Amino acid sequence: MVQKYQNKLLSILQIVVVLTLIACDNKRDSSDLYGQWQLMEWRNNDGIVVKTKEDRIFYCCQLSLLQLTYHHFCRYRETPDYIIIEAAYYNQYDTDTPIELEELEDYGIPSDGVFRIQKLNDDDLVLSGSNGTLRFRKY
């Protein structure tokens with residue numbers, strides 16, 4: 001009876017160790033970019049304000065997926081200095097339909113899909129691209 005209990009306990013311990021290692025492995029892939037960001041201000045290249053926080057634009061970033069709205073998603077790649085949008089999709093009824101980046105310009109996505117990371121920390125994100133500069137706060 002004791003041996004059976006020890007075997008079950010050992011099995012549970014092994015599962016806990018494996019799950020912990022998996023969780024730690026995912027953590028290594030995380031970055032300060034992960035989370036939800038609220039657009040505070042978007043200025044075009046002439047310095048004119050395009051949108052503000054009242055426009056309620058949010059970027060939700062996790063595991064190379066950027067969600068802009070309930071239906072609009074992008075796949076991105078992050079380097080130390082850039083965020084590169086590789087593909088954009090419109091999702092409705094669990095069906096992903098590829099779309100052009102131009103369809104997301106109202107959300108601040110540049111038509112070439114390239115953002116330069118000007119600032120990124122736990123609280124602030126500043127991105128610049130062909131459409132101007134976007135300043136976010138962690139939400």
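Me: Before we dig in, which residues count as nonpolar, polar or charged here?
Reply: Ala, Val, Leu, Ile, Met, Phe, Trp, Tyr, Cys and Pro count as nonpolar, Asp, Glu, Lys and Arg as charged, and the others, Gly among them, as polar. One note on the source: this is a predicted model, where local features need pLDDT of at least 70, side-chain atom pairs count only at pLDDT 80 or more, and totals for chains, interfaces and linings use all residues. Residues are numbered from 1 along each chain as its sequence is written, and side-chain values use heavy atoms, with hydrogens and water left out.

Me: Thanks! How many helices and strands does the protein chain have?
Reply: The protein chain has one helix and ten strands. Helices (H or I, at least four residues) and strands (E, at least two) are DSSP runs, numbered from the N terminus. Reading from the N terminus, the order is α-β-β-β-β-β-β-β-β-β-β.

Me: And what share of the residues is buried?
Reply: Of the 139 residues in the protein chain, 29% are buried. Buried means under 20% relative accessible area, exposed means over 50%, and partly exposed is in between (1.4 Å probe, protein chains only).

Me: What about the surface, how much area does the chain expose?
Reply: About 9400 Å², and carbon and sulfur atoms supply 52% of that. The areas come from the Shrake-Rupley method with a 1.4 Å probe; for residues, only the protein chains shown count as cover.

Me: Which contacts span long stretches of sequence, and what is their share?
Reply: Among contacts with a separation of 6 or more, 44% join residues 24 or more positions apart. A contact means heavy atoms within 4.5 Å.

Me: Switching topic: how many cavities of 30 Å³ or more are there?
Reply: A search of the whole structure finds one. The largest cavity holds about 40 Å³ of space. A cavity is a set of points, on a 1 Å grid over the protein atoms alone, where a 1.4 Å probe fits but cannot get out; lining residues have an atom within 4 Å of a point. Grid points are joined across faces, edges and corners, and the volume is the space filled by probe spheres set on the points.

Me: Which residues line the largest cavity?
Reply: Leu33, Tyr59, Cys61, Leu66, Tyr76, Ile83, Phe115 and Leu127. By class, the lining has eight nonpolar residues, no polar ones and no charged ones.

Me: Ile83 caught my eye. Where does isoleucine 83 lie?
Reply: Isoleucine 83 lies in strand E6 and counts as buried at 6% relative accessibility. Leaving aside neighbours within four places in sequence, isoleucine 83 is in contact with Leu33, Tyr76, Arg77, Gly113, Val114, Phe115, Ile117 and Leu127. Its C-alpha is 6.5 Å from that of arginine 116, 33 residues apart in sequence.

Me: Nice. Is leucine 134 buried or exposed?
Reply: Leucine 134 is buried, with a relative accessible area of 0%. This residue belongs to strand E10 (residues 132-138). The contacts of leucine 134 beyond four places in sequence include Trp42, Tyr59, Phe115 and Leu127. Between leucine 134 and tryptophan 42, 92 residues apart along the chain, the C-alpha separation is 4.4 Å.

Me: Now the cysteines. How many disulfides are there?
Reply: Zero. In general, a disulfide is a covalent bond between the sulfur atoms of two cysteines. The cut-off used here is a pair of cysteine sulfur atoms within 2.5 Å.

Me: Why does cysteine 60 have no bond to cysteine 61?
Reply: Because their sulfurs are 6.8 Å apart, too far for a bond, and cysteine 61 has the closest cysteine sulfur to that of cysteine 60. Cysteine 60 is partly exposed, at 27% relative accessibility.

Me: And what about cysteine 74?
Reply: For cysteine 74 the closest cysteine sulfur is also in cysteine 61, 9.6 Å away, which is too far for a bond. Cysteine 74 is buried, with a relative accessible area of 0%.

Me: Last one: which loop holds arginine 56?
Reply: The loop between strand E2 (49-52) and strand E3 (58-62). Arginine 56 has a positive phi of about 55° although it is not a glycine, and counts as exposed at 67% relative accessibility.

Methods:
On a 1 Å grid over the protein atoms alone, a cavity is a set of points where a 1.4 Å probe fits but cannot get out, and a pocket is an open set with protein on both sides within 12 Å along at least five of seven lines; lining residues have an atom within 4 Å of a point.
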